[in-house]
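Reader: I would like to go through this model from its overall make-up down to single residues. Please keep the answers short.

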Amino acid sequence: MSGPPPSRVVASATGLAISIEVARAIPWPTAHSHKHSRGRLAVICGGRMQTGAARLAAAAGHRMGAGWVSLIAGPEATQILACHETERLIIERLSDQSLSSLCAGFDAAVLGPAFGLTHAHAADVLDMVQNFTKALVLDADALALIAQSGREGGLWPAVQARSAPTILTPHSGEFTRLAGEFDPEKKGEATLALARDLGAIVIHKGGETWVAAPDGRLTASDLATPFCASAGTGDVLAGLIGGLLAQSMPAFEAACAAVWIHATAANRVGPGLIASDLIAALPAVLNGLAPEGLKAR
């Protein structure tokens with residue numbers, strides 16, 4: 001492993017000070033803020049039977065403070081989205097439109113939750129990686145497609161070539177498909193190695209979540225509750241990160257803050273947690289972090 005030694009900051013039940021300060025440093029609105037100044041987030045949706053994951057991510061990004069959140073989907077999926085969405089806008093993608101062109105006016109995008117695994121989906125991921133010039137969160141199916149392409153394939157070097165912030169959010173199974181088997185006792189070192197290899201920030205999720213940046217920064221959190229082992233909770237985390245990136249929070253700090261906020265919301269819910277509970281718990285968590293003048297009255 002080349003480069004400088006990692007700088008490790010651990011967020012744990014006995015050492016919250018560092019992590020909570022990162023969470024408190026999220027962007028906060030001012031008296032002059034409006035919906036467009038608070039950031040525009042695009043979330044890419046899968047097919048008509050796979051809209052739930054993208055809706056969770058979009059709702060999380062909206063709750064996280066992004067002022068304008070849109071779901072981008074093909075014609076069949078937009079019909080499903082229109083039955084559910086009230087606060088998020090829906091953009092219908094026609095067959096001749098690229099995802100990157102539809103996302104051009106957005107400050108950040110989330111791509112991957114229940115997106116799809118065909119060659120056409122791989123081409124869409126490549127288009128976004130190469131041509132979307134803003135911050136990009138790659139999750140779920142996007143990670144599977146990168147892994148399938150291999151290190152010599154089109155997707156892997158395209159991620160390496162990106163100049164805009166890129167964040168990958170694998171759980172351990174996805175991480176293994178990307179980087180190969182790793183020693184669980186050296187999860188942090190493995191996460192940092194992948195971050196350096198891809199030139200991207202990597203959030204390696206799990207009971208202990210590691211966040212690594214290509215420049216050697218490495219943090220960990222063991223705050224997550226086992227009840228986070230539930231479908232959709234990762235989509236919520238991707239949306240939280242996207243919401244912070246849309247508001248121009250630096251990518252590594254956005255990743256760390258989102259991990260802390262996600263885990264704290266989960267611990268507030270506890271037993272019986274499902275993914276949408278995390279979104280419902282966010283206002284109370286954010287109220288606890290907010291500057292005094294912005295707290296609920």
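Reader: How many helices and strands does the protein have?
Author: The model is a predicted one. Its secondary structure comprises both kinds of element, and the count is 12 helices and 10 strands.

Reader: What is the radius of gyration, and what would a compact globule have?
Author: The C-alpha atoms occupy a box of roughly 55 × 50 × 35 Å along the principal axes. For 297 residues, a compact globule would be expected to have a radius of gyration near 19 Å. The protein agrees with that, its own value being 18 Å.

Reader: What percentage of the residues in the protein is buried?
Author: A residue counts as buried when its relative accessible area is under 20%. Applied to the 297 residues of the protein, this gives a buried share of 53%.

Reader: Among contacts between residues at least 6 apart in sequence, what percentage joins residues at least 24 apart?
Author: Contact here means heavy atoms within 4.5 Å. Of the contacts in the protein that span at least 6 positions, those joining residues at least 24 apart make up 69%.

Reader: Is α10 parallel, antiparallel, perpendicular or oblique to α11?
Author: Helix α10 covers residues 233-246 and helix α11 residues 251-269, and their axes come within 9 Å. The axes cross at roughly 140 degrees. Roughly antiparallel would require an angle over 145 degrees, and roughly perpendicular one of 65 to 115. The crossing angle therefore makes α10, relative to α11, oblique.

Reader: Which residues in α11 does α10 meet, and what is the class make-up of the contact?
Author: α10 passes α11 in a right-handed crossing. From α10, the contact involves Thr233, Val236, Leu237, Leu240, Ile241, Leu244 and Leu245. On the α11 side they meet Ala251, Ala254, Ala257, Ala258, Val259 and His262. By class, the contact has 11 nonpolar, two polar and no charged residues.

Reader: Serine 248 is in the loop between α10 and α11; is serine 248 buried or exposed?
Author: Serine 248 has a positive phi of about 70 degrees, although it is not a glycine. Its relative accessible area is 61%, and the cut-off for exposed is over 50%. Serine 248 therefore counts as exposed.

Reader: Where does alanine 114 lie, and how does its accessibility class come out?
Author: Alanine 114 is a residue other than glycine with a positive phi, near 50 degrees. It lies in the loop between β5 (108-111) and α5 (119-131). Because its relative accessibility is 26%, alanine 114 is classed as partly exposed.

How values were computed:
Residues are numbered from 1 along each chain as its sequence is written. This is a predicted model: local features need pLDDT of at least 70, side-chain atom pairs count only at pLDDT 80 or more; totals for chains, interfaces and linings use all residues. Side-chain values use heavy atoms; hydrogens and water are left out. Axes are lines fitted to C-alpha atoms, for helices over the stretch in contact, and angles run from 0 to 180 degrees between N-to-C directions. Helices (H or I, at least four residues) and strands (E, at least two) are DSSP runs, numbered from the N terminus. Angles under 35 degrees count as roughly parallel, over 145 as roughly antiparallel, 65 to 115 as roughly perpendicular and the rest as oblique. A crossing is left-handed if the near helix is turned anticlockwise from the far one by less than a right angle, and right-handed if clockwise. Ala, Val, Leu, Ile, Met, Phe, Trp, Tyr, Cys and Pro count as nonpolar, Asp, Glu, Lys and Arg as charged, and the others, Gly among them, as polar. The radius of gyration is taken over C-alpha atoms; the globule rule is 2.2 Å times the number of residues to the power 0.38. Buried means under 20% relative accessible area, exposed over 50%, partly exposed in between (1.4 Å probe, protein chains only).
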